[in-house]
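Student: I would like a close look at one part of this protein, with its surroundings explained step by step. Please start from the beginning of the chain.

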Amino acid sequence: MNQKVTVPELRRRKQSGPKITTLTAYDATFARLFDEAGADVLLVGDTLGMVVQGLSSTLPVTLEEICYHGRMVARGIQRAHLVLDMPFMSFQVSSEKALEAAGRLMKEGAGESVKLEGGVAVAETIARIVAAGIPVMGHVGLTPQSIHAMGGFRVQGKGDDAASRVMEDAKAVQDAGAYAIVLEGLPADLGRQITQALSIPTIGIGAGPDCDGQVLVCYDFLGMFEDFKPKFVKRFAQLGAEIRRATEDYVSEVRSGAFPAEEHCYGVGKPAAETGTPQRPVYGPASDES
Ligand code: KIV
């Protein structure tokens with residue numbers, strides 16, 4: 001499965017599988033690792049405001065910031081499909097402004113498709129962007145850009161009326177031409193019903209096991225974001241603890257003089273003529289000793 005993942009391929013997964021594996025990514029190094037390990041889709045989500053910038057919501061994230069991180073992530077990708085999030089207020093004012101913003105994400109951010117939050121209310125906007133040849137991934141249910149309207153990060157679609165509204169939103173996004181849709185923070189039953197009702201793939205985050213794919217925020221699944229842990233997050237590694245341990249070891253070895261040791265030093269024990277400036281830049285490709 002080394003072929004580039006495309007929008008038509010993602011659509012096909014609805015019928016033929018396998019499930020779509022999606023992770024957020026915000027820089028080239030993480031993107032390369034996720035891409036090499038087989039993630040199908042990498043999303044530069046506006047969660048970067050929370051997990052990278054340390055903000056308490058996604059609202060302040062700008063189009064320029066998504067473009068900047070998009071370019072970085074693109075450099076780490078060979079196979080995965082790259083989706084860029086449309087940040088808060090980049091698509092709500094008018095369809096024309098939304099199209100301009102989506103175009104910038106593709107031109108300046110190296111996106112291969114864009115994602116935007118909302119259902120019935122943004123259907124016309126999705127149609128406008130799709131008509132311009134830009135593939136759109138929808139996002140319904142818990143939509144973090146509406147955190148204040150929702151009264152916090154709360155599960156959506158509980159109860160018949162609320163569930164019907166989310167179903168209507170999902171269908172409106174599909175009818176507007178989206179190629180896939182994120183279902184966030186929904187009861188697992190509703191995640192299954194929407195997945196069965198739609199002909200486009202659903203990608204769940206806290207929406208149960210029956211979606212056509214799953215997405216997690218990379219700092220969550222790696223156990224690096226420790227401020228809070230939503231119920232739907234599984235930590236597949238404990239890198240937060242590992243990074244803390246490594247840092248403590250580094251601090252202690254620098255203080256004790258154990259680091260750097262002889263093998264980390266240039267020219268130790270060699271005649272003066274051989275001990276000049278290293279031949280590779282400090283951050284250049286690794287060739288061990290010069
Ligand atoms: O911004 C983001 O990272 C997202 C995912 C959580 C789906 O929208």
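Tutor: What follows looks at helix 1 and helix 2, and then at the parts of the chain that surround them.

A few words on the whole chain come before the details. The model is predicted. The protein chain has 290 residues, of which 47% count as buried. Its secondary structure comes to 11 helices and 8 strands. Along the principal axes, the C-alpha trace spans about 80 × 40 × 35 Å. Among contacts with a separation of 6 or more, 57% are between residues 24 or more positions apart.

Now to helix 1, which covers residues 7–16. Which of its residues are buried? They are Val7, Leu10, Arg13 and Lys14. Seen down the axis of helix 1, these buried residues fall within an arc of 110°, so they line one face of the helix. Gln15 and Ser16 are on the other side of helix 1, and they are exposed. Note that the buried list includes Arg13 and Lys14, and that both of these count as charged by class. What do the buried residues of helix 1 pack against? Their partners are strand 1 (20–24), strand 2 (41–44), strand 3 (81–85) and helix 9 (188–197).

The chain then leaves the helix. Gly17 follows helix 1 and has a positive phi, near 65°. This glycine sits in the loop between helix 1 and strand 1. Is Gly17 buried, exposed or partly exposed? Its relative accessibility is 25%, so Gly17 counts as partly exposed, since the partly exposed class runs between the cut-offs of 20% and 50%. Gly17 is also 9.8 Å from Pro201, C-alpha to C-alpha, although 184 residues separate the two in sequence. The peptide bond that leads from Gly17 to Pro18 is cis, with omega near -5°. Pro18 belongs to the loop between helix 1 and strand 1. There is another cis peptide bond to look up, from Phe259 to Pro260, with omega near 0°. Pro260 is found in the segment after helix 11 (239–256).

Helix 2 can be read in the same way. This helix runs over residues 28–36, and its buried residues are Ala28, Phe30, Ala31, Phe34 and Asp35. Around the axis they cover an arc of only 160°, which puts them on the same side of helix 2. The face turned away from that side carries the exposed residues Thr29, Leu33 and Glu36. The buried residues of helix 2 pack against strand 1, strand 2, helix 4 (63–76) and helix 10 (218–221). Strand 1 and strand 2 were also named as partners of the buried residues of helix 1.

One residue of helix 2 deserves a separate look. Leaving out residues up to four places away in sequence, Phe34 touches Leu23, Thr24, Ala25, Ala39, Leu42, Cys218, Phe221 and Leu222. Phe34 is also among the residues with the most contacts inside the largest nonpolar core, as are Leu42, Met86, Ile129 and Ile194. How many residues does that core have? It has 60. Helix 8 (residues 160–175) gives the most to this core, with 6 residues. A second, separate core has 14 residues, including Leu43, Val182, Ile203 and Ile205. In soluble globular proteins, nonpolar side chains tend to be buried together.

Ile205 leads on to the largest pocket. Together with Phe153, Glu184, Pro230 and Phe232, Ile205 lies nearest the centre of that pocket, which is lined by 29 residues. Helix 3 (48–51) and strand 6 (180–184) are the elements that give two or more residues to the lining. The pocket has a volume of about 590 Å³. By class, its lining has 15 nonpolar, 7 polar and 7 charged residues.

Two further loop residues can be set beside Gly17. Met89 has phi near 70°, a positive value in a residue other than glycine. Met89 lies in the loop between strand 3 and helix 5 (95–107), and its relative accessible area of 45% makes it partly exposed. Ala110, which is not a glycine either, has a positive phi of about 65°. Ala110 is in the loop between helix 5 and strand 4 (113–115), and at 29% relative accessibility it counts as partly exposed.

Methods. Residues are numbered from 1 along each chain as its sequence is written. Side-chain values use heavy atoms; hydrogens and water are left out. A nonpolar core is a set of buried Ala, Val, Leu, Ile, Met, Phe, Trp, Tyr and Cys residues joined through side-chain atoms within 4.5 Å. Buried means under 20% relative accessible area, exposed over 50%, partly exposed in between (1.4 Å probe, protein chains only). Helices (H or I, at least four residues) and strands (E, at least two) are DSSP runs, numbered from the N terminus. Contact means heavy atoms within 4.5 Å. On a 1 Å grid over the protein atoms alone, a cavity is a set of points where a 1.4 Å probe fits but cannot get out, and a pocket is an open set with protein on both sides within 12 Å along at least five of seven lines; lining residues have an atom within 4 Å of a point. Grid points are joined across faces, edges and corners, and a volume is the space filled by probe spheres set on the points. The arc is that of the directions from the helix axis to the C-beta atoms.
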